[in-house]
Amino acid sequence: MSAATDTAPAPLPPAEVKGVIAGLMMVMLLAALDQTIVSTAMPTIGRHLGNIEALPWIVTSYLLSSTVVTPLYGKLADIVGRRRTLMGAIIVFLAGSALCGLAPSMLFLIIARAIQGLGGGGLMSLVQTVISDIVPLRERGKFQGYFAAVFTASSIGGPILGGIIAEKIHWSAIFWINLPVGAVALWIVYNGLKKLPRYERPHKLDLIGAGVMAVAAVSLLLAVHAHGGVMGAPTWAVYAVSIVFWLLFALRLGTAREPLIPTGLLKNDIVLRATLVSTLAMGVLIGLSVYNPLYLQLIFNLSASQAGLALTPLSLGVVSGSILSGRLISRGKGEKYKTAPMIGLFVGTIVYGGLALFPDRLPFWGFIAVLMVANAGIGTMFPVTVSAIQNVVERHQMGTATGMMNFFRSLGGALLVAVFGAVLFSELFSALGAGAAGGLTPAALDQLRHVPEAPLIFRPLFAMGGAGLGLSFLILWSMEEKPIRGAELTVAQSVEAAENVLESADFPDEKPKT
């Protein structure tokens with residue numbers, strides 16, 4: 001045994017675990033808030049920088065860079081350790097935020113947002129990885145619920161805060177606000193993770209594979225976001241580039257000595273199925289959240305701001321389902337954790353299937369109520385898929401597996417949003433007929449409000465949502481329910497088991513700090 005494995009790192013005391021969790025929640029707040037606070041400030045940004053046409057790229061540039069680097073952060077966490085990797089991600093994110101605040105032009109801001117995304121892409125997956133190092137699997141679902149609450153607070157408060165800051169202070173303050181929050185999170189991570197158990201191994205980072213994957217993912221996301229999902233000849237060319245590079249990436253996975261995503265993870269049935277379930281359910285959740293406000297505007301004559309406010313309870317549905325599912329994992333014996341998400345996904349399938357059949361039968365509050373139930377059902381899935389994946393991979397691959405899941409979930413979510421949008425806008429233009437020549441202008445939307453068959457326009461959208469959740473249910477149902485590791489052990493036995501894993505591992509020569 002090498003000197004590095006002579007002494008196993010002691011588990012963190014409960015007080016220190018709470019401190020680390022508080023820091024991780026601030027990190028998660030950074031990542032979540034930045035995705036919502038920008039939306040309401042975008043019109044103000046466009047006016048100040050004099051380029052309203054380029055506004056979508058403020059979001060797209062961040063999405064592209066953050067999605068691409070997610071699996072890289074997971075791999076780096078397994079190579080150099082969670083603490084250094086997470087601190088690096090926070091520093092890059094804060095540097096990007098400062099550049100955004102200083103942006104003198106729209107082009108500068110778009111580039112700065114891409115830099116910010118290079119840091120933001122690692123925040124979420126790294127937080128989940130650190131939790132796996134300090135919280136037993138049976139308790140992990142409960143903490144996933146807490147982090148879901150952070151997302152809910154961000155989704156509700158972010159747009160409101162962004163609008164107030166942009167109107168009352170200055171649009172750049174929505175980026176400057178990241179600096180004090182990030183500084184506190186960085187300080188907590190720097191101090192709190194010094195005693196974090198070390199599970200990394202001396203891996204090699206496949207830079208060629210990372211570059212090929214980056215081109216494949218970026219070109220795919222560019223294609224699906226082009227013209228709102230309307231495919232012209234240039235878009236097909238970008239799709240062709242993406243297909244070629246995905247094929248090259250698959251070839252690289254099979255030939256590289258140590259590929260970016262270990263083939264063993266891709267062959268693991270539980271990892272594959274849990275990733276597919278999470279990707280489909282997240283895609284449905286995001287896709288319908290993007291287009292449900294349009295339903296409320298057309299069918300119930302709400303304004304854009306009223307529609308956004310009316311959908312606020314749906315976030316509460318997601319977080320309530322996530323907390324419930326997480327607590328059931330923590331209180332159970334680690335054997336029947338699929339029950340809650342299977343029920344939730346089944347209920348969500350029924351809800352959206354019913355809306356597809358009868359899109360015009362519910363009053364306003366009835367529509368909000370059933371969507372809240374459906375979202376609660378989707379929320380039950382998130383803690384289970386993360387726990388299921390982390391339950392079957394080795395400690396030294398925890399970051400890679402978690403990063404891979406978040407990467408495909410982000411990529412799949414973006415794809416489903418584009419597909420949903422292409423189908424919906426096709427129906428809208430078809431309903432407008434000759435009035436579609438000018439696009440979806442306010443006048444065109446007013447025209448649709450007076451069409452009795454307007455609710456039927458959304459029937460394919462709801463049907464696809466129900467089909468996506470139904471497929472998620474079937475995949476989850478077919479996934480093996482492997483008992484949670486250590487769920488039946490006492491604390492002393494769990495520590496002993498961790499020590500055995502550490503003693504059998506081949507660590508670098510550097511001795512972990514205790």
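A residue counts as partly exposed when its relative accessible area falls between the buried limit, under 20%, and the exposed limit, over 50%. Asp360, at 44% relative accessibility, is therefore partly exposed. Keep that idea in mind as you explore this structure, which is a predicted model. The mean pLDDT of the chain is 76, and two stretches described below call for extra care.

**How confident is the model?**

- Of the residues in the chain, 76% reach a pLDDT of 70 or more.
- Over residues 227-231 the pLDDT is below 50, and this stretch has seven contacts in the model beyond near neighbours in sequence.
- Residues 487-514 also have a pLDDT below 50, and here the model shows 45 contacts beyond near neighbours in sequence.
- Where pLDDT is low, the predicted coordinates should not be read in detail.

**Salt bridges**

- Searching the whole structure turns up two salt bridges.
- Side chains of opposite charge can pair when their charged atoms come close.
- One salt bridge joins the side chains of Arg361 and Asp360, with 3.8 Å from N to O.
- Arg361 is exposed because its relative accessible area is 60%, whereas Asp360 is partly exposed.
- The other joins the side chains of Arg273 and Asp269, at 2.7 Å from N to O.
- Arg273 and Asp269 both sit in helix α12 and are four residues apart, so about one helical turn separates them.
- Arg273 is partly exposed at 25% relative accessibility, and Asp269 is partly exposed at 36%.

**Nonpolar cores**

- The largest nonpolar core holds 115 residues, and those touching the most other members are Leu24, Leu86, Leu123, Leu296 and Phe458.
- Helix α12 (residues 269-299) gives this core its largest share, 15 residues.
- A second, separate core has 20 residues, including Ile45, Cys100, Ile165 and Ile174.
- What does Leu24 contact, leaving aside its neighbours within four places in sequence? Its partners are Leu86, Val127, Val130, Ile131 and Phe147.
- In soluble globular proteins, nonpolar side chains tend to be buried together.

**Ser65 in helix α3**

- You can find Ser65 in helix α3, which covers residues 56-80.
- Is Ser65 buried or exposed? Ser65 is buried, because its relative accessible area is 10%, and the cut-off for buried is under 20%.
- A polar atom of the Ser65 side chain lies 3.1 Å from the backbone oxygen of Ser61.
- Not counting residues up to four places away in sequence, Ser65 touches Arg113, Ala114, Gly117 and Leu118.

**Trp246 in helix α10**

- Trp246 belongs to helix α10 (residues 233-255).
- Although Trp246 and Val212 are 34 residues apart in sequence, their C-alpha atoms are 7.7 Å apart in space.
- Setting aside neighbours within four places in sequence, Trp246 is in contact with Met213, Ala216, Ala217, Leu220, Phe407 and Leu411.
- With Ala216 there is also a polar link: its backbone oxygen lies 3.5 Å from a polar atom of the Trp246 side chain.

**Helix α16**

- Helix α16 runs over residues 364-379, which makes 16 residues.
- From its first C-alpha to its last, α16 reaches 23 Å, close to the 22 Å expected at 1.5 Å a residue.
- Several residues of α16 are buried, among them Phe364, Phe367, Ile368, Leu371 and Asn375.

Key
Residues are numbered from 1 along each chain as its sequence is written. This is a predicted model: local features need pLDDT of at least 70, side-chain atom pairs count only at pLDDT 80 or more; totals for chains, interfaces and linings use all residues. Side-chain values use heavy atoms; hydrogens and water are left out. Helices (H or I, at least four residues) and strands (E, at least two) are DSSP runs, numbered from the N terminus. The expected span of a helix is 1.5 Å times one less than its number of residues. Buried means under 20% relative accessible area, exposed over 50%, partly exposed in between (1.4 Å probe, protein chains only). A nonpolar core is a set of buried Ala, Val, Leu, Ile, Met, Phe, Trp, Tyr and Cys residues joined through side-chain atoms within 4.5 Å. Contact means heavy atoms within 4.5 Å. A polar contact is a pair of N or O atoms within 3.5 Å; within protein, one must be able to donate a hydrogen and the other to accept it, and residues adjacent in sequence count only if both atoms are side-chain atoms. pLDDT is the predictor's confidence in each residue, from 0 to 100. A salt bridge is a side-chain nitrogen of Lys or Arg within 4 Å of a carboxyl oxygen of Asp or Glu.
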